[in-house]
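Open the model in your viewer and keep the sequence panel beside it. This tour goes stop by stop, with something to select at each one.

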Amino acid sequence: MTANTICTICSNKEVKDNIDDSCSRCGADKKSLVPEDNESVKSFDFDFFDLPENLEEVRTRARLKLKGYCAVYPYCDGNPDRICQRETYGKPIGLGGAGSGASFTANVESIQKLKLNTRLVGEHFEPDTGTSFLGIDLSLPVMGSSTAGISKYNDTITELDFCRAALKGCKESGTITFRGDTWFYTPEDNPALDAIEMEGGYGIPIFKPRAQDVLKKLIERSEKINCPAVGVDLDGCGSTIMAKHGQPVFRKSVKDLRELVEFTSLPFIAKGIMTPEDAEACVEAGVKVVAVSNHGGRVLDHTPGVAEVLPLISKKIKNKAIITADGGVRTGYDVIKMLALGADAVLIGRDVIRGAVGGGTTGVRMQMERLKQTLRQAMMMTQCRDIKEINETILF
Ligand SMILES: Cc1cc2nc3c(=O)[nH]c(=O)nc-3n(C[C@H](O)[C@H](O)[C@H](O)COP(=O)(O)O)c2cc1C
């Protein structure tokens with residue numbers, strides 16, 4: 001029986017003889033193909049025979065698919081009345097924040113309370129949003145963050161396809177994505193590294209702070225598949241689910257970090273840093289990129305928001321390491337604020353997940369394009385011709 005299908009990962013349209021086949025262009029699993037008469041697609045009660053035409057449609061599809069986990073609110077802040085918080089109290093965390101959600105909310109509020117100064121009198125110009133990160137040219141100073149485990153939310157996308165959608169969608173919009181690590185990833189069976197390998201190495205794996213020998217194995221494979229950098233989310237030591245599944249995680253000392261930095265020829269990223277002291281310790285260990293982050297508020301309840309600690313960290317380590325920031329960034333207006341506070345680049349977590357679930361590669365690309373468009377507007381109105389011109393004077 002033939003069927004018309006569209007691949008939500010690479011946008012390939014084809015007539016298939018066997019709807020159980022994977023995509024002939026990118027090899028995506030059959031779950032990522034959208035056949036006209038597929039019952040499981042119909043069960044989402046949504047007619048997505050075509051690719052989504054715009055971001056609104058991507059988000060509507062994501063809302064349907066992530067039912068019970070994320071309502072794709074226009075204002076996503078981890079407030080206690082949000083589905084992600086209510087549904088997860090005492091249960092697995094889903095897309096919400098840890099405990100009360102206070103750290104998640106602090107991320108969003110700390111960005112929202114900053115306002116932008118317009119500077120409108122001057123020559124007209126077209127803002128240049130381009131930048132570079134570890135020698136990689138990016139069309140905007142925004143990358144996908146490290147995320148994992150999305151296949152467990154209503155089983156709407158396989159883990160491999162989720163990773164591929166994030167990788168391809170970011171690449172199509174001229175940027176790159178980090179990839180995450182979770183309890184069902186192992187050195188032997190690792191969807192993040194498999195997906196990065198399929199993309200020719202164009203992705204940055206961030207591993208949980210596993211035992212040193214396990215990390216070394218993962219780093220060795222990352223080098224072999226040509227990743228441009230590797231890293232560890234140091235705040236992942238607060239995860240309890242890893243140990244439950246026989247994959248314990250640990251705090252890392254300066255000595256541990258230095259051992260990993262020296263083990264690899266790749267630039268090393270330390271993610272999850274929230275204090276100037278930890279940032280300095282990372283620099284001392286030889287870390288190239290300090291990723292300021294509280295994991296989207298998902299590991300420790302009651303941390304400050306990232307935008308509150310970022311200037312303090314930037315003051316201490318600017319010019320000694322590259323700084324990324326993530327947590328609560330939804331638009332280019334948020335991006336420009338993080339850059340003004342001292343970040344060299346910004347990472348996006350939940351919105352890349354929603355883009356991938358709602359529209360595969362296309363959804364992620366649309367999400368990144370919206371960030372670029374709103375960043376360009378913010379730069380034009382605050383008189384920043386390029387990324388280097390963005391500084392704290394644009395903040396009110
Ligand atoms: C569902 C989910 C899974 C995540 N998985 C990881 C992970 O595997 N590794 C990691 O370093 N961070 C992980 N994060 C945190 C993100 O990398 C990022 O720090 C955070 O989502 C940024 O906040 P935002 O979602 O508000 O953009 C995850 C976040 C979410 C929401």
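## Two domains

This model is predicted. Start by colouring the two domains of the protein chain: the domain assignment gives domain 1 as 1-50 and domain 2 as 131-394. Their centres, taken over C-alpha atoms, are 31 Å apart. Now select the contact between them. Domain 1 supplies nine residues and domain 2 supplies 11 residues. Look at the domain 1 side of that contact: four residues are nonpolar, three are polar and two are charged.

## The whole chain

Zoom out and switch to cartoon. The protein chain has 13 helices and 13 strands. Its C-alpha atoms fill a box of roughly 65 × 55 × 40 Å along the principal axes. Is the chain compact or extended for its 396 residues? A compact globule with 396 residues would have a radius of gyration near 21 Å, and the protein chain has 20 Å, so the two agree. Colour by burial next: 53% of the 396 residues count as buried. Then turn on contacts with a separation of 6 or more. Residues 24 or more positions apart account for 68% of them.

## The largest nonpolar core

Select Ala-270, Ile-273, Val-290, Val-292, Leu-310, Ile-336 and Met-338. In the largest nonpolar core, which has 108 residues, these touch the most other members. Add helix 13 (residues 350-381), which gives this core its largest share, 11 residues. Where does this core lie with respect to domain 1 and domain 2? Both domains give residues to the core, so it lies between them. As a general point, nonpolar side chains in soluble globular proteins tend to be buried together.

Stay on Met-338 for a moment. Setting aside residues up to four places away in sequence, Met-338 touches Ala-307, Leu-310, Ala-325, Val-329, Ala-343 and Val-346. Leu-310 is thus on both selections: it is among the core residues that touch the most other members, and Met-338 touches it.

## The ligand

Centre on the ligand. Around it are 25 residues, and Ser-145, Gly-180, Asp-233, Gly-296 and Gly-349 come nearest. Colour this shell by class: six residues are nonpolar, 13 are polar and six are charged.

## Phe-178 and strand 7

From Ser-145, move to Phe-178, since the two are in contact. Phe-178 is in strand 7. Is Phe-178 buried or exposed? It counts as buried because it has 28 C-beta neighbours inside 10 Å. Beyond four places in sequence, its contacts are Met-143, Gly-144, Ser-145, Ser-146, Ile-204, Ile-206 and Leu-347. Draw a distance to Ala-229: 51 residues away in sequence, its C-alpha is 9.4 Å from that of Phe-178.

## Helix 6

Next, select helix 6, residues 191-198. Its buried residues are Pro-191, Ala-192, Leu-193, Ala-195 and Ile-196. Show what covers them: helix 5 (159-172), strand 7 (178-179), strand 8 (204-207) and helix 7 (212-224) are included. Step past the end of helix 6 to Gly-200, which takes a positive phi of about 70°.

## Loops to check

Three loop residues come next.

- **Asp-155** is in the loop between strand 6 (142-144) and helix 5. It counts as exposed because it has 10 C-beta neighbours inside 10 Å. Its C-alpha is 9.1 Å from that of Leu-66, 89 residues apart along the chain.
- **Val-72** is in the loop between helix 2 (55-65) and helix 3 (83-86). It has a positive phi of about 50° although it is not a glycine. Val-72 is buried, with 22 other C-beta atoms within 10 Å.
- **His-302** is in the loop between strand 11 (289-292) and helix 11 (306-317). It is not a glycine, yet it has a positive phi of about 70°. With 11 other C-beta atoms within 10 Å, His-302 is exposed.

## Last stop: Thr-105

Finish at Thr-105, in helix 4 (residues 102-112). Thr-105 counts as buried because it has 20 C-beta neighbours inside 10 Å, and 20 or more is what buried requires. Leaving aside neighbours within four places in sequence, its contacts are Asp-77, Gly-78 and Asn-79. Now draw one more distance, to Glu-262. The two C-alpha atoms are separated by 37 Å, and the residues are 157 apart along the chain.

Definitions and conventions: Residues numbered from 1 in each chain as written. Predicted model: local features only at pLDDT ≥ 70, side-chain atom pairs only at ≥ 80, totals over all residues. Domains from an automatic or database assignment. Contact = placed C-beta atoms within 7 Å. Nonpolar A, V, L, I, M, F, W, Y, C, P; charged D, E, K, R; others polar. Near = placed C-beta within 6 Å. Buried ≥ 20, exposed ≤ 12 C-beta atoms within 10 Å, placed from the backbone. Helix = DSSP H or I, 4+ residues; strand = E, 2+ residues; numbered from the N terminus. Core = buried A, V, L, I, M, F, W, Y, C linked by C-beta atoms within 7 Å. Rg over C-alpha atoms; globule rule 2.2 N^0.38 Å.
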